[in-house]
Amino acid sequence: MKTLLTGGAGYIGSHTAVAMVDAGHDVAVVDNFANSSAEAIARVEKITGKKVALYEADVADKERMMEILKTEMPDCIIHFAGLKAVGESVAMPVEYYRNNIDTTLTLLECMRELGLTNIVFSSSATVYGEDNVPPFTEDAPKGMCTNPYGWTKWMQEQMLTDAAKASKAECDRLKATGKEAGANEWKAPLSVVLLRYFNPVGAHESGLIGEDPQGIPNNLMPYISQVAVGRRDHLTVFGDDYDTPDGTCRRDYIHVMDLAEGHVKAAEYAVENKGTEVINLGTGSPYSVLEMVEAFGRACGHAVAYEIGARRAGDVQDSWADAEKAKAVLGWQASRGIDEICRDAWNWQSHNPQGYKK
Ligand code: NAD
Ligand code: WQD
């Protein structure tokens with residue numbers, strides 16, 4: 001299968017590129033390096049021993065995307081490209097809506113014109129909102145998002161779902177009337193897989209690729225890693241007065257290589273099916289902030305310094321997946337636990353203390 005990964009130089013995209021090649025599929029990557037570097041793809045090639053076609057382009061640039069897609073004509077597009085920092089999205093909503101929404105609309109227009117039908121989308125557990133009780137099942141109602149980033153995911157899910165529905169209706173109508181599809185008509189029904197990730201963490205076991213946040217990390221695991229390697233003094237734990245066994249929030253931390261392998265299964269599923277499928281990618285097991293801090297200490301061989309601070313605005317107490325649908329539909333489940341997560345995150349961080357910067 002030929003796959004095209006938008007945002008494929010980023011954290012999850014680069015790991016998925018490795019998993020795709022390992023599964024015997026061809027990979028092309030489109031990235032504008034807004035939050036990544038070409039070095040990640042050079043490392044993917046080093047790990048796999050295979051060439052990855054790399055295009056530097058903005059996915060919202062339709063002319064350029066038409067050229068690239070005509071060249072590649074992928075069986076499946078995996079759409080990772082997007083801006084993802086929750087706090088930044090609150091300060092820069094216009095940029096977040098523009099980038100995240102435009103990339104998806106541009107892809108849909110190109111797919112329609114070229115007759116490409118299969119797309120897997122990076123969504124997020126954030127669309128469940130605050131009112132659901134974990135474990136979250138895919139049919140739980142989507143909630144009110146607490147930030148513009150979350151809304152962009154919510155909206156992109158809706159846009160893709162609506163496009164899949166319209167493509168089916170249009171193809172049925174054309175078939176009934178015996179007419180050919182025009183330039184702006186769907187040539188075949190779309191197949192959309194919306195993957196709702198929980199908390200992706202860890203790194204490829206080689207230590208060659210991993211998460212490389214710019215500036216101060218927003219997320220727990222890269223922050224812990226940078227404390228452990230001496231780049232930062234201590235972690236601030238955002239609140240220890242939640243109604244949980246140790247008072248800290250619980251999350252479903254999923255190894256990024258498990259997540260990557262889930263994308264292989266999702267892309268294979270997308271090419272065999274039509275319509276829209278929503279699937280959680282999580283482990284189904286929650287861990288608290290302090291459990292993660294302790295696990296990392298075991299992996300790196302010394303305690304990770306932390307202080308208890310105030311709650312962070314917008315945090316939910318508990319979030320974890322019901323992971324049964326992924327097992328039933330994709331035949332996939334996470335196999336790596338928190339000790340492997342911390343071992344691999346530490347291997348990456350300790351061998352690349354400044355990330356991809358030499
Ligand atoms: P990332 O920032 O490492 O990767 C995103 C990539 O997209 C980057 O390489 C960036 O340069 C690229 N990009 C952004 N806008 C682009 C554009 N207009 N054109 C071309 N390239 C563009 O982030 P990630 O953690 O790998 O996340 C990948 C996807 O998964 C994102 O859509 C993100 O919202 C989603 N997601 C991430 C998490 C998480 O915790 N990491 C959780 C849920 C969902
Ligand atoms: C995890 C836990 C924090 C940092 C975010 C996005 C979500 C998704 C994944 C994209 C929480 C605590 C954190 C720190 C801490 N991204 N923490 N000190 O908030 O579950 O999810 O990333 O879709 O949309 O919101 O992940 O890693 O930021 O936090 O105590 O310095 O760690 O309070 O309980 P979160 P996280």
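Which strand gives the most to the shell around ligand 2? Keep that in mind as you start the tour, and remember throughout that this is a predicted model.

**Stop 1: ligand 2**

Select ligand 2 and display its surroundings. The answer to the opening question is strand β8, residues 235–238, which contributes four residues to the shell. In total, 18 residues surround ligand 2, and the closest are Tyr149, Leu220, Thr236, Arg251 and Asp315. If you colour the shell by class, you should find nine nonpolar, six polar and three charged residues.

Now turn on distances for the polar contacts. Start with threonine 236, where a polar backbone atom sits 2.8 Å from a nitrogen atom of ligand 2. Next, go to phenylalanine 238: one of its polar backbone atoms is 2.9 Å from an oxygen atom of the ligand. Then pick arginine 312, which uses its side chain instead, with an N or O atom 2.9 Å from an oxygen atom of ligand 2. For the surface view, ligand 2 exposes 690 Å² when taken alone, and the protein buries 86% of that.

**Stop 2: ligand 1**

Move your selection to ligand 1. Here 27 residues form the surroundings, and Asp31, Asn35, Ser36, Phe80 and Tyr149 are the closest. Tyr149 may look familiar, since it is also listed among the closest residues to ligand 2.

Which atoms should you zoom in on? Try these three contacts:

- Phenylalanine 80: a backbone N or O atom lies 2.8 Å from an oxygen atom of ligand 1.
- Lysine 84: an N or O atom of the side chain is 2.8 Å from an oxygen atom of the ligand.
- Asparagine 99: an N or O atom of the side chain is 2.8 Å from a nitrogen atom of the ligand.

Ligand 1 has 810 Å² of accessible area on its own, and the protein covers 95% of it. Show the cartoon next: the elements giving two or more residues to this shell are α1 (11–22), α5 (93–114), β5 (118–124) and α6. Of the shell, β5 supplies the largest share, three residues. By class, the residues around ligand 1 are twelve nonpolar, eleven polar and four charged.

**Stop 3: helix α6**

Select residues 148–177 to see helix α6, which is 30 residues long. Its first and last C-alpha atoms are 43 Å apart, close to the 44 Å expected at 1.5 Å a residue. At the N-terminal end, asparagine 147 acts as a cap, with a side-chain oxygen 3.2 Å from the backbone nitrogen of tyrosine 149. At the other side, just after the helix, look for glycine 178 and its positive phi of about 70 degrees.

**Stop 4: helix α3**

Now select residues 62–72, helix α3, and highlight its buried residues: Met65, Met66, Ile68, Leu69 and Glu72. These pack against β1 (2–6), β2 (26–31), β3 (53–56), β4 (76–79) and α5. Just past α3, methionine 73 has a positive phi of about 40 degrees.

**Stop 5: serine 191**

For the last stop, centre on serine 191 in strand β6, residues 191–197. Is serine 191 buried or exposed? Its relative accessibility is 1%, so serine 191 counts as buried. Follow its side chain and you will arrive at the backbone oxygen of asparagine 273, 2.9 Å away. Leaving aside neighbours within four places in sequence, the contacts of serine 191 are Thr117, Asn118, Ile119, Ala270, Asn273, Lys274 and Gly275.

Conventions
Residues are numbered from 1 along each chain as its sequence is written. Chains are lettered from A and ligands numbered from 1 in the order in which they are written. This is a predicted model: local features need pLDDT of at least 70, side-chain atom pairs count only at pLDDT 80 or more; totals for chains, interfaces and linings use all residues. Side-chain values use heavy atoms; hydrogens and water are left out. A residue is near a molecule or strand if one of its heavy atoms lies within 4 Å of it. A polar contact is a pair of N or O atoms within 3.5 Å; within protein, one must be able to donate a hydrogen and the other to accept it, and residues adjacent in sequence count only if both atoms are side-chain atoms. Accessible areas come from the Shrake-Rupley method with a 1.4 Å probe; for residues, only the protein chains shown count as cover. Ala, Val, Leu, Ile, Met, Phe, Trp, Tyr, Cys and Pro count as nonpolar, Asp, Glu, Lys and Arg as charged, and the others, Gly among them, as polar. The expected span of a helix is 1.5 Å times one less than its number of residues. Buried means under 20% relative accessible area, exposed over 50%, partly exposed in between (1.4 Å probe, protein chains only). Contact means heavy atoms within 4.5 Å.
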